[in-house]
There are 4 protein chains.
Amino acid sequence: MIIFLKPHLTLDKEKEFRKFLVDRNVNVIPVRRRDQTLLVVAGRFGELAKREVENHHYVEKILETDKPYKLAGMSFNKSGTKIKLPKGTVIGNKHIVIMAGPCSVETKEQIMTSAKEVKDSGSQILRGGAFKPRTGPYDFQGLGKIGLHFLREAADRMNLSVITEVLDVRDIEMIEKYTDIFQVGTRNMQNYPLLKELGHSRKPVLLKRGMWATYKELLLAAEYILLGGNENVILCERGIRTHVPETRFTLDLNAVAYLKHETHLPVIVDPSHGTGRANMVRAMSKAAIAAGADGLLIEAHTNPLKSVSDADQAISMQELKKLVKEVKRVAEAVDRK
Amino acid sequence: MIIFLKPHLTLDKEKEFRKFLVDRNVNVIPVRRRDQTLLVVAGRFGELAKREVENHHYVEKILETDKPYKLAGMSFNKSGTKIKLPKGTVIGNKHIVIMAGPCSVETKEQIMTSAKEVKDSGSQILRGGAFKPRTGPYDFQGLGKIGLHFLREAADRMNLSVITEVLDVRDIEMIEKYTDIFQVGTRNMQNYPLLKELGHSRKPVLLKRGMWATYKELLLAAEYILLGGNENVILCERGIRTHVPETRFTLDLNAVAYLKHETHLPVIVDPSHGTGRANMVRAMSKAAIAAGADGLLIEAHTNPLKSVSDADQAISMQELKKLVKEVKRVAEAVDRK
Amino acid sequence: MIIFLKPHLTLDKEKEFRKFLVDRNVNVIPVRRRDQTLLVVAGRFGELAKREVENHHYVEKILETDKPYKLAGMSFNKSGTKIKLPKGTVIGNKHIVIMAGPCSVETKEQIMTSAKEVKDSGSQILRGGAFKPRTGPYDFQGLGKIGLHFLREAADRMNLSVITEVLDVRDIEMIEKYTDIFQVGTRNMQNYPLLKELGHSRKPVLLKRGMWATYKELLLAAEYILLGGNENVILCERGIRTHVPETRFTLDLNAVAYLKHETHLPVIVDPSHGTGRANMVRAMSKAAIAAGADGLLIEAHTNPLKSVSDADQAISMQELKKLVKEVKRVAEAVDRK
Amino acid sequence: MIIFLKPHLTLDKEKEFRKFLVDRNVNVIPVRRRDQTLLVVAGRFGELAKREVENHHYVEKILETDKPYKLAGMSFNKSGTKIKLPKGTVIGNKHIVIMAGPCSVETKEQIMTSAKEVKDSGSQILRGGAFKPRTGPYDFQGLGKIGLHFLREAADRMNLSVITEVLDVRDIEMIEKYTDIFQVGTRNMQNYPLLKELGHSRKPVLLKRGMWATYKELLLAAEYILLGGNENVILCERGIRTHVPETRFTLDLNAVAYLKHETHLPVIVDPSHGTGRANMVRAMSKAAIAAGADGLLIEAHTNPLKSVSDADQAISMQELKKLVKEVKRVAEAVDRK
């Protein structure tokens, strides 16, 4: 159950109310949102206590849910979460959102050129990794802070928003200065200290599904962030590990259809990792939107063959333009834009 | 390598030519198509012999391919295989094809009503199982031959084509009299005696991907049928076994995008088994078409809750109508109809 | 529920009793065993009818079970099924049983030499495929009937039993003349016509787990055979399809530990397919026995590098001898022989 | 390639040598071990430069390897890594090592009693989680620092070593004061900041395989730790995510057999998570040792049904004693103790 306290309730009154709950043996976890505090009751609740709480003058309303993900579940916000970025883009709205760019920020020039091309394609958000989670320690680990600097500059010049990955809980504060959206990679979907700290940020978090995770586990990982008070969580399907050897991962679009019934959070699809093959990205982008996704995360490179990481799956900027155009037609066919 | 003999070559001349090959130590497998025999060379071939063969006056052309699936591979027929059904429907064309109906033929009345509804929805082909492959021996095993009879009658009355499953190699001849398309279920994808016998039929075969199979294995299974001379193979993605517990199977639409590059055979998607949840079928149908599928295989029931098998995934006939309409809009957005 | 009729009850009396059941609206499936008929009740049963049946003078006893696999479940035969082969070997006993030999029967000489080596190693059963289920149609499909002939001759000369695969329901009668055990391969685990016909044989059937199958599905597949009256079913774990690329399959020894609690049928392990790597076969054979397996199915070749199929996983005959010795030590450590 | 500098070389000489390498365009990553520095060359190396390096008077030897995991690969240390714990236990030796205890430290009394029972069973290491990675944020997250305190006290009183999990890179220094072995859980196998920091510790690290990971990915994760100079890495197979619903995970003992050929690092098996069922733990423990594992990690509880986490898979202390005894017999059958 979730107890919504009245907006702008003073901390003193909140304390008073929590004492009231403690007296009734009810334990809660407080969730501090912009101008309202929610109290999540993890355990069960007697019928009597419930009515008492519901009628309390500090309480706006209560919400009952039998889902394990109380804040992420659909009943919490049936109209759907809409995430507004500084440059006016909204994720979770009628408009499909395209995030595109190289796997890694490689050089200043590369990201500058990429930003221009990404803008020209009609995409709204520039992606690029400065801290890279690489399978092996001898692979390129990213440019680090200077990469962030290049990325921000490139995006600003083109009036794009920025998404970039955070790997280390100790880097959140620093990365927050550069990015508009934090990306949590598939390997970190259950990195709980990272999720908890991101819950205390107010910047949006794109949470990639673990390549092993069930839908429930993804939603519970999102719950860790939401519980910190950060309302701006975006889910991302990016492919799961299966027995299929011909693709890098198996893009699970069932996840999109399922999540759209189960949660109010926006759902984005990454067909680049989800296929691992550039020549499949366009088809699967269209499929993702048709399945109901709110946007796409695409690896596009000014020179795919020279990409220092993930070269097989990066599409060219020409291909990106084609993709955006074709995706828009499919979006309209499913009453999106 | 494939050697295309000249069309309508007499058997005597064919024999003569095969002797010519044997003299050069070349072993071939003959594929007898409607009016032409192909000779597939499984092994390697010397440069000299190749030129000799190519110039032989009984030979129309030769086709080299390094794929293990020689007849199923894209290079065999770059314009794509189009499969014509008696009632005028073509599979593999610009037009999306919808096959719909109940999991099992249950009663005459049920299949008659179903056929009417399927027709009304704008679908072209009636599905319905008379021989059912059931996980347990105590489950309903299908009506058998009488079910086929009902199915044919219902389809004919509505001018629909018929697709139904064949389980037993000994039933092929009998079922052939009733059906327009043989369905080979997921469990039988590598039932080689069945595939070989279906290769000798001239009726189309819809081959469902094994829930464990790679794309290569699916194409090699199709090759078994094609090698028998039956050109009319339709591939069907219907979901694979993964770790995801929330859906019955994981519908792998990557398969569609991949196969469309790799083979000339039509590709159909079964979102009913691929999700196992009626409320996801519509979204995944649209996704399938956006990914490039040539059609859909849908479980629809006049009363889904009373379906004797697969009740959770059957959609209602009202839902089917909605689905067909919505799918058409997506089809147009990807330049299909 | 299972109704055990009194042994040697006449058919007339059986008919009379079934009429008695029909009068009470109870539907049964008769299972004709050597000298006793069982009647399996698939559906529910009223308390009253149950007592009436239990006390009927044609009834020996009734057995209640809430498992979907009524004949395969542990409660059916708590002391464990023991399968006796003509040459005295018993499967399911204290003694571990080793089935070894080449993937395919290649030549008479090869199988003769193999048989001698297999015997020398201390193994009891000779394996060898004459009908091979090959992924692609251009691969070696086995020697067919002449291969069976060679296999039988080789085994008889060395006083070994024979196990060989049956692919086609139309071959059962013929193969039955040559083999002591039918092998049903992984691809045919849910080939129901094949399972049903094997249920009418009285020769033992080794049923390999489908590479996609759950434990429940394996047990239900066994139930199809048992329901035909054939009591001699052996289960075989041979590896499942997973995301792991370094091995051909993932040998799932959990299956052994689980099945040993859940069924009375003997469980055999095939570490050759389950790893796909000759240098892992010995270790995994020991692990299988330690987990509780009743025996092993091993691919061993007189010249592994020249094996026409599955060369990577075949061990040499020297390695087989070492394996048998080491496995025996482990067997003793878990109170087997 | 790995360059082994002479032991106890001064930092000045090391610098001089690295300048020598830079002059030859060779980039290295230094690995500082107890009394010797290694220089890992990630890229290629000319034949000439190689000989020059090999003959340099600061160089002890060079080691060439074509594996991506240079330090974790077998060629680095063919005799196998032996990890010595303060209380005399050695991991990677002839003696099998048993780590046992509750999933979570729950109360002081519980862990005290557990320690006594664990000692009595013949196990050498006490496990217990104080920081728990829980799928959902409403689940018990562990006692934290006070839990570590109880755990250490309990282990010391019984002369046992301690293993406990580290989740947060910021906790390493604190946990290091209490534990003898850091455990990295399955979800953190590719948490690179955590792995890198643990590389700078000198305490052993037990690295659990990601439930999605390949063997190569596990070895590359270990390489991250080894590259920091920490030689004491223990690998742990704990089950992978597969389609099998009857067990919590699929314990992949193939991993043990494979890793024993591929790496010099000790390999431990966790049959508790790998099965998720208490009644399978004993059988799979024996199987793990027969496959070649160096030890076991077992969840055992003084009252399994009351365990606050993972109750289904915890065995009782009586069962643990039986397990240790039986495992020893299998260990002897494979020439271990």
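Every one of the interface residues of chain B, 100% of them, is also an interface residue in chain A, so the copies meet through the same surface. That is how things look in this structure, which is a predicted model. The geometry fits in with this picture. Chain B can be laid on chain A by a rotation of 180 degrees with 0.0 Å of shift along its axis, and the superposition has an RMSD of 0.0 Å. The two copies are thus related as by a two-fold rotation axis. Within chain B, B:Ala287 has the C-alpha nearest the axis, sitting 2.1 Å from it.

As for the contact itself, 34 residues of chain B touch 34 residues of chain A. On the chain B side, the elements giving two or more residues are α7 (215–226), α8 (254–262), α10 (278–291) and α11 (317–333). Of these, α10(B) provides the largest share, with 8 residues. Sorted by character, the side of chain B that touches chain A comes out as 18 nonpolar, 10 polar and 6 charged residues.

Chain A also meets chain D, and here the contact takes 25 residues from each of the two chains. On the chain D side, α6 (192–199) and α7 (215–226) each supply at least two residues. The largest share, 4 residues, comes from α7(D). The side of chain D that touches chain A splits into 14 nonpolar, 5 polar and 6 charged residues.

Helix α7 is worth a look within chain A as well. It covers residues 215–226 of chain A, and at 1.5 Å a residue its 12 residues should span 16 Å; the end C-alpha atoms are indeed 16 Å apart, which agrees. Of the 12 residues of α7(A), 10 are buried, so the helix is largely enclosed by the rest of the structure. The buried set starts with A:Tyr215, picks up A:Leu218, A:Leu219, A:Leu220, A:Ala221 and A:Ala222, and goes on through A:Glu223, A:Tyr224, A:Ile225 and A:Leu226. Within chain A, these buried residues pack against two helices, α6 (192–199) and α8 (254–262), and two strands, β11 (205–208) and β12 (233–237).

Turning to the strands, chain B has an open sheet of 4 strands in the order β2-β3-β1-β4, with antiparallel pairing. At the edges stand β2 (28–33) and β4 (59–63) of chain B, each with a single partner strand, so one side of each is left without a neighbour in the sheet. On average, and with direction ignored, neighbouring strands of this sheet are turned by 20 degrees against each other. Strand β1 (residues 2–5) of chain B pairs with β4(B) over 4 bridges in the antiparallel sense. In β4(B), B:Leu63 is the residue that stands opposite B:Ile2.

Strand β1 (residues 2–5) of chain D can be followed residue by residue too. It runs antiparallel to strand β3 (residues 36–41) of chain D, with 3 bridges joining the two. Another 4 bridges join β1(D) to strand β4 (residues 59–63) of chain D, again running antiparallel. D:Phe4 shows up in both pairings: it stands opposite D:Leu38 in β3(D), while its bridge partner in β4(D) is D:Lys61.

Technical notes:
Residues are numbered from 1 along each chain as its sequence is written. Chains are lettered from A and ligands numbered from 1 in the order in which they are written. This is a predicted model: local features need pLDDT of at least 70, side-chain atom pairs count only at pLDDT 80 or more; totals for chains, interfaces and linings use all residues. The expected span of a helix is 1.5 Å times one less than its number of residues. A residue is buried if 20 or more other C-beta atoms lie within 10 Å of its own, exposed if 12 or fewer, and partly exposed in between; C-beta atoms are placed from the backbone. Two residues are in contact if their C-beta atoms, placed from the backbone, lie within 7 Å. Copies are superposed by least squares on the C-alpha atoms of residues with pLDDT of at least 70 in both. Ala, Val, Leu, Ile, Met, Phe, Trp, Tyr, Cys and Pro count as nonpolar, Asp, Glu, Lys and Arg as charged, and the others, Gly among them, as polar. Two strands pair if DSSP finds at least two bridges between them. Axes are lines fitted to C-alpha atoms, for helices over the stretch in contact, and angles run from 0 to 180 degrees between N-to-C directions.
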